[in-house]
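Colleague: Got a minute to go through the charged pairs with me? Pull the model up first.

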Amino acid sequence: NPAARPMEASRALPCPSRSTRASKIRSLTDAARAGGSRGREPSLALTARGVSGGAGVRSVFIGKMRRGRSAGAMVVLPLLMVALLAARAAGEKAKKAKVVPLEELRRLEDKAAYGVLRLTDQQYDKLVLQPRDRNFGVFTVFTAGSSKYGCKHCPQMESDFRTLAQSYVAAARAAGGQLGPDPVFFVMMDYAATARTFQKYAFKSVPVAIYSPPREATLELIPAGGVEVGHFETFHGSLDLENLQSFISQQARANFEVVKSTLWVYVVLILGSAGMVLAAPVIIGNLPFIMKKVRSKTLWMFVCAAAYTCSISGFVYDIIRSPPPFYVDRHTNAMSFFHPNNGQQFVVEGFIIGFLNIACAIVIICLVNYASTMQSKQTATNAGLLCLFLFSILYWWIISLYKYKNRWYMRT
């Protein structure tokens, strides 16, 4: 009976009394007001449903639980992200704290150009000065490459040092990793970027080359300044490539050959060949005039004089050894053209000796060919005496320089 269905429903779900419904309305209204006071809008839908019975009350509590879970998740996730980032930063910090100086220097050497390491003040302290059990040697050159410091020898020193480092690294890799008992690293420090390290060593001039040998768990102090830079050996002498190689080979007990770049040889050959090709048509077109000049005795006299000057001035030695032109004392700025050792020389020194010898030869030629053929006897006598006087002065200079270079010269 369709008409009976509402009655059956009312019997299946008994309707609460009027007082019970009023109390539920008041409780739900108070809860909605409380939620509004905490910054949330009251849920009218849940309030309306709650009036109908207990199912509405359960819906209110379920909604509140769901909102609480979502709010908790929004708080917990950022906290987890912060904790993960903090753990990662702590791991990286611990990893950096465990850096081994030898491994770090090898890593920097692989990335460095020509095998020369450019370190900062902090890196030099951490990798070279601070390790008490340093199991490697460090060959350091201190320079001031900027033009405002006026270091004329620094560019050449840097070039020679790069060649030396590149040769050592190539020989070490060919030998399996290192030469001698301990590995050696080549470091270049520039004053503009590492002034604090210069102050620790109390250097007063540049360039300066030092070698810091391996050491065990002891730290020695240098007397000057009392700065903990440890024991080191300072290079003394002419800062050329040959002397630097001898110094590092002796200190590190490692023998290797310096390999110079041959690029300039190929450039000269290419430019010379191109010049000959371009000059060939001009030479062929003016061949009679050129042959007349070639037969000139004056031309060949100058050619012979130039060859003689080059042969006695050590020009071949200069090509093989590549010595510096001259030497300037770093403390007094005094310039010296003559090397103190008898087995070595500067470039200018050799040419001074060569020009003095050729000047003696020219004076003798003038005495024989010109002074003796003059028509006036008085003029010929004066010219001859002048030539003899000049020859005596030049010859005395040559003998004095030979004695300076060789103490045993002309001594019985």
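Modeller: Sure. The side chains of E104 and R107 form a salt bridge, 2.5 Å from N to O. A salt bridge here is a side-chain nitrogen of Lys or Arg within 4 Å of a carboxyl oxygen of Asp or Glu.

Colleague: How far apart are E104 and R107 in helix 5?

Modeller: They're 3 residues apart in helix 5 (residues 101–111), so about one helical turn separates them. Helices are DSSP runs of H or I, at least four residues, numbered from the N terminus.

Colleague: And is E104 buried or exposed?

Modeller: E104 is buried at 18% relative accessibility, while R107 is partly exposed at 37%. Buried means under 20% relative accessible area, exposed over 50%, and partly exposed in between, with a 1.4 Å probe and protein chains only.

Colleague: Quick detour, what are the ground rules for this model?

Modeller: It's predicted, so local features need pLDDT of at least 70 and side-chain atom pairs pLDDT 80 or more, while totals for chains, interfaces and linings use all residues. Residues are numbered from 1 along each chain as its sequence is written, and side-chain values use heavy atoms, leaving out hydrogens and water.

Colleague: OK, how many salt bridges are there in the structure?

Modeller: There are 4. One of them joins the side chains of D125 and R196 at 2.9 Å, N to O. D125 sits in helix 6 (residues 121–129) and R196 in helix 8 (residues 195–201), so that pair ties together parts 71 residues apart in sequence.

Colleague: What else is in a network with D125 and R196?

Modeller: K200; salt bridges link the three in a network. The D125–K200 contact is 2.8 Å, N to O.

Key
Helix = DSSP H or I, 4+ residues; strand = E, 2+ residues; numbered from the N terminus.
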